[in-house]
Amino acid sequence: VDLARAGIGKLILIDPDIVEEKNLCRCEYFADQIGMNKVHALPDTIHRINPAVEVEGISWNILNTTPKMMESLISSVDIGFHATDSLPAGYMLNREAYDKLPVVYTGLSHNAFSGFVIYTLPGVTPCYECIMPAPGDIRNDNQEAAVREIPDWDYTDNTGRTRAIPGLFVDISRAS
């Protein structure tokens, strides 16, 4: 959505999921879009902001993409954005795109306690896999090894009372 605000010309969205009520507090969806495929709902939101943006939505699990399909997708874009919670998807994108185009990788930790933004530039920066070490045998497409056990954060003090809970919204100010 922010890319549409910035005036980008074309977006290709890939996501197999549908909009759920829990998405409304942290994503750019509206209540009337609950139940829609995310790749069909988001173009509507983007066009509410900037009707000139060309948006292609592909309801697909990126992990089912063949190298030939990835090559076709990569050759049709100028920059990639990895915005999933899937390390296997990040590694797949890294393997296919690192030497071809810049990619921005984002992620949040459990309960949005912290997060990261990593960008890779072909031949300039380390690759995503070099920066984000793999748990288990993820480099060999073992998706089960990619499931990280993240302990629940203890939000109570020593008396059992709830302490402050980190928010789900991050505000980054843009220069005028």
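Which strands form an open sheet, and in what order?

## The sheet

This is a predicted model. Its open sheet is made of three strands, in the order β3-β4-β5, with mixed pairing. β3 and β5 (115–120) are the edge strands, and each pairs on one side only. On average, neighbouring strands of this sheet are turned by 15° against each other, direction ignored.

Look now at β3 and β4. The two strands run parallel and are joined by three bridges. Across from H82 stands Y105, in β4.

## Helix α4, an enclosed helix

Helix α4 spans residues 87–97. Nine of its 11 residues are buried, so the helix is largely enclosed by the rest of the structure. The buried residues are L87, P88, A89, G90, Y91, M92, L93, N94 and A97.

What covers them? The cover includes two helices, α3 (67–75) and α5 (128–131), and two strands, β3 (80–82) and β4 (103–108). α4 lies across β3 and β4, and runs at about 170° to β4. The N-terminal end of α4 has a cap, S86. A side-chain oxygen of S86 lies 3.0 Å from the backbone nitrogen of A89.

## Where α3 meets α4

Two packed helices are described by the angle between their axes and the distance between the axes. The axes of α3 and α4 come within 10 Å and cross at roughly 70°. An angle from 65 to 115 degrees counts as roughly perpendicular, and α3 and α4 are therefore roughly perpendicular to each other. On the α3 side, P67, M70 and I74 make the contact. On the α4 side, M92, L93, E96 and A97 do so.

## The nonpolar cores

In soluble globular proteins, nonpolar side chains tend to be buried together. Here, the largest nonpolar core has 15 residues. Those with the most contacts inside this core are M70, L93, A97, V103, Y105, Y128 and M132. α3, α4 and β4 each supply at least two of the core's residues. α4 gives the most, with six.

Take M132 as an example. Leaving aside neighbours within four places in sequence, M132 is in contact with L87, Y91, F116 and I118. Another core, of 12 residues, lies apart from the largest one. Its members include V19, V39, L42 and V53.

## Putting it together

Some residues appear in more than one part of this picture. L93 and A97 are buried in α4. Both help make the contact with α3. Both are also among the residues with the most contacts inside the largest core. Y105 stands opposite H82 and is another of those core residues.

Key: Residues numbered from 1 in each chain as written. Predicted model: local features only at pLDDT ≥ 70, side-chain atom pairs only at ≥ 80, totals over all residues. Heavy atoms only, no water. Buried < 20%, exposed > 50% of the residue type's maximum accessible area, 1.4 Å probe, protein only. Helix = DSSP H or I, 4+ residues; strand = E, 2+ residues; numbered from the N terminus. Contact = heavy atoms within 4.5 Å. Polar contact = N/O pair within 3.5 Å; in protein donor to acceptor, adjacent residues only side chain to side chain. Core = buried A, V, L, I, M, F, W, Y, C linked by side-chain atoms within 4.5 Å. Pairing = 2+ DSSP bridges. Axes fitted to C-alpha atoms, helices over the stretch in contact; angles between N-to-C directions. Parallel < 35°, antiparallel > 145°, perpendicular 65-115°, else oblique.
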